[in-house]
Structures are given as C-alpha cells and as structure tokens.
Amino acid sequence: MSPLPIWLQRWNFIERAKHEQSLWAAFEQGDNLEQRVAELAQQVGAASDQPELAFQLEVWQATLPRIRKIEAMMRERSNQG
C-alpha cells in the first residue's frame, strides 16, 4: 500500500494520530520534547522536498502545547491532593 498524498494526510485522522502518538511516546519516555520538535524543524528546513516531515512537524507543533497543558493540569491536581 503506497503512502497517502500529503494533502490527504492532513485530513486523515489516522495519519495525524500516528504523529501525535509518536510525540506522546517521547513524552512518556521522558524525552525533551522541545528539543525533538526543534530537531525535526531543522530537518524540515534542510529537506524542503520532504512534505511528510513538514506534516509531522505541523502535527508536533500543535500537539506539544496540549501535552504541556495536560502535564501542568496533572501536576496541579497532584499538588492539591
């Protein structure tokens, strides 16, 4: 099965979820997410002919603030208890 065209991936929930999950997995492993996103951004800048990487970066940049917001809410909740 060939990969979906990039324009279709943007509207495909499963493709977006794969990229979101990869960043969540990095979070669960304790990786530095800001560094991972920055490294991906460098790759995208160096390889403008890779729309898949650009799409992954777009998803990661949208997912990172949500991860940090949930992390802060959980920290706040654990401090209250």
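How many aromatic pairs does a search of the whole structure find? In this predicted model, the search turns up one aromatic pair. The partners are W24 and F27, and their rings meet edge-to-face, with 5.7 Å from centre to centre and 90° between the planes. Those two values are the usual kind of description, since a pair of aromatic rings is described by the distance of the centres and the angle of the planes. Both residues sit in helix α2, three residues apart, or about one turn of the helix. That spacing fits a general rule: an α-helix has 3.6 residues a turn, so residues three or four places apart point the same way. Are these two rings buried or exposed? Neither label quite works: W24 is partly exposed because its relative accessibility is 24%, and F27 is partly exposed too because its value is 25%. The cut-off for buried is under 20%.

Stepping back to the whole chain, the fold is easy to list. There are four helices and zero strands, so to speak an α-α-α-α run when read from the N terminus. Of the 81 residues, 23% are buried. The chain exposes about 5,900 Å², and carbon and sulfur atoms supply 56% of that area. Contacts between parts of the chain that are well separated in sequence show up clearly in the count: among contacts with a separation of 6 or more, 65% link residues 24 or more positions apart.

Helix α2 is a good place to look at one element in detail. Its 16 residues should span 22 Å at 1.5 Å a residue, and the end C-alpha atoms are indeed 22 Å apart, so the two values agree. The buried residues of this helix are E15, H19, L23 and A26. Seen down the axis of α2, these buried residues fall within an arc of 75°, so they line one face of the helix. And what does the face turned away from the buried side carry? That is where the exposed residues F13, I14 and E28 are found.

Two of the buried residues in α2 deserve a closer look. E15 belongs to helix α2 and counts as buried because its relative accessible area is 15%, under the 20% cut-off. Its C-alpha atom is 9.7 Å from that of F55, although the two residues are 40 residues apart along the chain. H19, also in α2, is buried because its relative accessibility is 10%. Leaving aside neighbours within four places in sequence, H19 is in contact with E52, F55, Q56, V59 and W60.

Helix α3 tells a similar story. It has 14 residues and reaches 20 Å from first C-alpha to last, close to the 20 Å expected at 1.5 Å a residue. L33, V37, L40 and V44 are its buried residues. They cover an arc of only 60° around the axis, which puts them on the same side of α3. On the other side, Q42, G45 and A46 are exposed. What do the buried residues of α3 pack against? They pack against α2 and α4.

Helix α4 has 30 residues and reaches 44 Å, close to the 44 Å expected at 1.5 Å a residue. Its buried residues are L53, F55, Q56, L57, V59, W60, T63, L64 and I67. One of them, Q56, is buried because its relative accessibility is 15%. Not counting residues up to four places away in sequence, Q56 touches H19, S22 and L40.

Finally, which residues make up the largest nonpolar core? There are 11 of them: L23, A26, L33, V37, L40, V44, L53, L57, W60, L64 and I67. Helices α2 (13–28), α3 (33–46) and α4 (51–80) each supply at least two residues, and α4 gives the largest share, with five. L40 shows what this looks like for a single side chain's residue: leaving aside neighbours within four places in sequence, L40 is in contact with L53, Q56, L57 and W60.

Methods:
Residues numbered from 1 in each chain as written. Predicted model: local features only at pLDDT ≥ 70, side-chain atom pairs only at ≥ 80, totals over all residues. Heavy atoms only, no water. Core = buried A, V, L, I, M, F, W, Y, C linked by side-chain atoms within 4.5 Å. Buried < 20%, exposed > 50% of the residue type's maximum accessible area, 1.4 Å probe, protein only. Contact = heavy atoms within 4.5 Å. Areas by Shrake-Rupley, 256 points an atom, 1.4 Å probe, with all protein chains shown as cover. Phe/Tyr/Trp six-rings, centres within 6.5 Å; stacked < 30°, edge-to-face > 60°. Expected span 1.5 Å × (residues − 1). Arc of directions from axis to C-beta.
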